2 protein chains.
Amino acid sequence: MGAGITLRAALHCTALILPPLLLHFYNKTMSSSESHEPSNSESATISKKAAKKEAAKLEKLRRKQEAAALSSTASNLSVNDDTDPLAANYGDIPLVELQSKTPVDVNDWTRVETLEKSMKDQHVLIRGRVQTIRPVGKKMSFLVIRENGYTVQCLVQTQPDLVSIQMVKFAAALSRESIVDVEGHVSVPDTLVKAATQQEVEVQVRKLYCVSRAVPNLPINIEDAARSEVEIEKAIQEGEQFVRVNQDTRLNFRVLDLRTPANQGIFRIQSQIGNVFRQFLLSEGFVEIHTPKLIAGSSEGGAAVFRLDYKGQPACLAQSPQLHKQMSICGDLGRVFEIGPVFRAEDSYTHRHLCEFTGLDVEMEIKKHYFEVMDIVERLFIALFDSLNHNCKKELEAVRKQYPFEPLKYLRQTLRLTYEEGVQMLKDVGIEIEPFGDLNTEAERKLGQLVSEKYGTEFYILYRYPLAIRPFYTMPCYDNPAEYSNSFDVFIRGEEIISGAQRIHKPDLLEKRAEACGIDVKTISTYIDSFRYGAPLHGGFGVGLERVVMLFCGLNNIRKTSLYPRDPLRLAP
Amino acid sequence: MGAGITLRAALHCTALILPPLLLHFYNKTMSSSESHEPSNSESATISKKAAKKEAAKLEKLRRKQEAAALSSTASNLSVNDDTDPLAANYGDIPLVELQSKTPVDVNDWTRVETLEKSMKDQHVLIRGRVQTIRPVGKKMSFLVIRENGYTVQCLVQTQPDLVSIQMVKFAAALSRESIVDVEGHVSVPDTLVKAATQQEVEVQVRKLYCVSRAVPNLPINIEDAARSEVEIEKAIQEGEQFVRVNQDTRLNFRVLDLRTPANQGIFRIQSQIGNVFRQFLLSEGFVEIHTPKLIAGSSEGGAAVFRLDYKGQPACLAQSPQLHKQMSICGDLGRVFEIGPVFRAEDSYTHRHLCEFTGLDVEMEIKKHYFEVMDIVERLFIALFDSLNHNCKKELEAVRKQYPFEPLKYLRQTLRLTYEEGVQMLKDVGIEIEPFGDLNTEAERKLGQLVSEKYGTEFYILYRYPLAIRPFYTMPCYDNPAEYSNSFDVFIRGEEIISGAQRIHKPDLLEKRAEACGIDVKTISTYIDSFRYGAPLHGGFGVGLERVVMLFCGLNNIRKTSLYPRDPLRLAP
């Protein structure tokens, strides 16, 4: 955006506490409006040198911030002067008081969320972050205090024997995002408070203590980070400009970025998905397991594996719990699932690949047919979507506000198409797919669009995939074992989120298929041996948790749904 | 045990199908009765050379087994001869029928668990493993079929136009642990069937198909693996001998070992612990998070870290989610928990250390005092113990039968002692502890015993630990910050299972403490920076899932409660 922060942007962001250093900082680290989201190719071309340079820049900035923070703290202490007889009513809480000196009743604090007009005149103690500070002259200052996404306006105003002018000064000099304890009583203003979620009430402050101070110049302004693209575009049309925070800056300062309403929503939705996933499976008799991530050999072959030394033995990080979850079926656990990290050393710079993500993995005995697995997938995901729509309304709304999306269209009875049918649908609109090859991302998207138009669903299953493009342990089809397999993928909004299949339970066939796929059978001998002692027919599937969140919410980048994403260029924070 | 398998052992194990090869195998791989459980020092002295030798031996054995399996399959096929007009009623199901040829209604199968005398004369189809085979002459054979821990006796007896003599022969020649489909009708015998869990019924077999064959000579006999030490000792006193399966053999053939009732119980208990843990925390407003296991720097310092190359950058595996869960608190997630793998490259050969285990990690904002964290610990664990005792009766009984233990003694109001009080209790019985040093395992055990005697509980909290023995991020005490800390450990049956504390939320103090602990602050700068933007007071704790299972069930080795344990010598299966 060059050097220009317009008046409107400044008013929204940091109007009253914006020091020259922060202006300088904006110029250095905020992206221009042209680079809101780095495209895939852009990410790919960021060299390590550039990354290092960026790191050095940030380090330099940090040191500057610290210096600024120190001087700021010093000046704050001087605010709270000894000549004020009401000095005990405000100030920074000394460390010793925060070191578990006094056990307290946590119910002494009122949650901001619960503040409402029926509490008029009640004395309350609240703890939260200073979201905004608006001094009005020397005798009054408005603070908006945020706790758990809810906000309330607090008024610090001079009053004889209660609130000193020094206390108002102390309030006005607080840094945004600092954490404070506010004591006061609830009042009901004549007009709604538009700047807060608790619009019917205000707190008349009597005491104000700072628990934890933020540096005065934040590397990301929460309001900037929370602003929707729609809002920014509108401002641009009106000849104004907002600060745009790009993806890399967000991730570099993730602890600030996480405080936006959208991110608070995203990670609560993620938690809820894990919960529904588990509760559904437990109610169906599944057992939760934990398989090792450190393994000998490579779990599924290929180059995309992180290798390490394990006490003198070569080892690698599991690319999936595939082998061990199947072994658990051989160990008669019947139906198992696991939620855990999955490691892929792929050089993928797309919007939907990570080097580490959270796998939701399922494996189960079947009686005769892999449709039994697909039945579980269907019921599980319908339950999941229903639950999200029902129980995460507030969170979805928070995400939608920043990143607008349409609710996912899905049917009560999930659509199932064969791979051949899918390929035919693409052919019908002039897109040729190699019949035993895989669908690329573009073809998947297109098929998703065609399916949505024809069947009115953005959630469907494609099954009977070509054998050649599935992992070695996939069971070939009974009627065309050379070309097709008992496998399926599941799509949300035209992107793959689940891969599943019947597995080979016969060790001789398993060995043959592993060899055919170029895998050194010796490296997976304990796995193959597991099938020699009577192996149940079984199948299963794997889901990427971050992808489910991303696609349910129609987000455009998986880095938005990973708490601390790992890609080929990012190993921090 | 030398070469001697007594008649009684043989009858119990493999009486009727024990070929010379298996006898040879027993002699080679089963441990002697003197080495039921290798002691810690024994484990430690197993050299890599010995491990290699063992691996070679197993490989040789495997090849022998395969040869035997092949010849066995061949002979089975010949059993099912074409001259039998009833040949369609039995036999091995060909692979093509198992490749999802025909979708089925899974409700066509009756679960063994549900078989009871009210079902007399009903036609049933069951699927399960052949647990035992007992031919009686040429015209009759008893099979005990096991499904999900429940067993039923099935009778295959010649009947004109229904069951041929060849079918009885086929049944008798099945290998144990093979999976079969049995069709027949339920009968109610005059006397209870002692050999099965469903004692009031029997199945009169009409059709018998083998779904998946086990090799005839299993490396572990399930009955041997399931036998309790008490039973074995009793037999020895009576001048007899049972096969003992040692821990390493069990783990080498984990898929067989897992099929014992005790192990089926252990891993269902483990699943239940995870479930209660999560449900409790979710109900208290916690958010489940997933933090990266691949990190730059080393999470908690020290040498016990697995290092690897991450796309050209030095990386390591997280020794705990400590830093990232704290950062999530700085990101305003409020209260978080994680269940995930934790990696420790320690050279520990004890009964309670693993190189990879499942961490249950919690972090939460506090208002003023780390007792708020201890309150959560207390309520969580009381809820957990209550739930296990109430909902896992069958599983606990299965564990107890093989590994006898007394139910855990715990109070409704958890005992809290200061570290100093604990040290004094030990001093009172003549055990001197360096006042600012740590308790060793022996001292912990002894203190557990003293506490149990004095207070009648095997679950208690020791708090206010010396600062010097806690991690750098631990908050020092307000009244003696140089020597004590706001931290605690929790013990079950005299062993530590939880470590927790208030954390330092001030970046300057955090840096100072990290430096004092010899940590290069530069390697954790993103972590320390997280506290510069207003950091909530917070605390948390970590639990080892496998330890909870082990200690609740009074087991003697953590390898019993890890599905596929990893220790310095074991990276497989």
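A residue is called buried when its relative accessible area is under 20%. This cut-off is useful throughout the following tour of a predicted model.

**Chain A as a whole.** Begin by selecting chain A, which has 573 residues, 60% of them buried. Colouring by secondary structure shows 18 helices and 17 strands. Among its contacts between residues at least 6 apart in sequence, 71% join residues at least 24 apart. Displaying the surface of chain A reveals an exposed area of about 22,200 Å², of which carbon and sulfur atoms supply 53%.

**Strand E11 of chain B.** Next, select residues 335-343 of chain B, which form strand E11. Eight of these nine residues are buried, so the strand is largely enclosed by the rest of the structure. Now add residues 287-288 of chain B: this is strand E7, which runs parallel to E11(B) and is joined to it by two bridges. Then add residues 356-365 of chain B, strand E12, which pairs with E11(B) in the antiparallel sense over nine bridges. Within E11(B), centre the view on Phe337(B). Glu288(B) stands opposite this residue, and so does Val362(B) in E12(B).

**Pro476 of chain B.** Finally, select Pro476(B), in the loop between strand E14 (459-463) and strand E15 (487-492) of chain B. Is this residue buried or exposed? Its relative accessible area is 4%, so Pro476(B) is buried. Show its surroundings: Pro476(B) touches Gln99(A) in chain A, and its contacts in chain B include Leu467(B), Tyr484(B), Ile504(B) and Leu509(B). As a last step, locate Thr441(B), 35 residues from Pro476(B) along the chain; the C-alpha atoms of the two are separated by 25 Å.

Note on methods. Residues are numbered from 1 along each chain as its sequence is written. Chains are lettered from A and ligands numbered from 1 in the order in which they are written. This is a predicted model: local features need pLDDT of at least 70, side-chain atom pairs count only at pLDDT 80 or more; totals for chains, interfaces and linings use all residues. Side-chain values use heavy atoms; hydrogens and water are left out. Helices (H or I, at least four residues) and strands (E, at least two) are DSSP runs, numbered from the N terminus. Buried means under 20% relative accessible area, exposed over 50%, partly exposed in between (1.4 Å probe, protein chains only). Contact means heavy atoms within 4.5 Å. Accessible areas come from the Shrake-Rupley method with a 1.4 Å probe; for residues, only the protein chains shown count as cover. Two strands pair if DSSP finds at least two bridges between them. Lists of a residue's contacts leave out its neighbours within four places in sequence.
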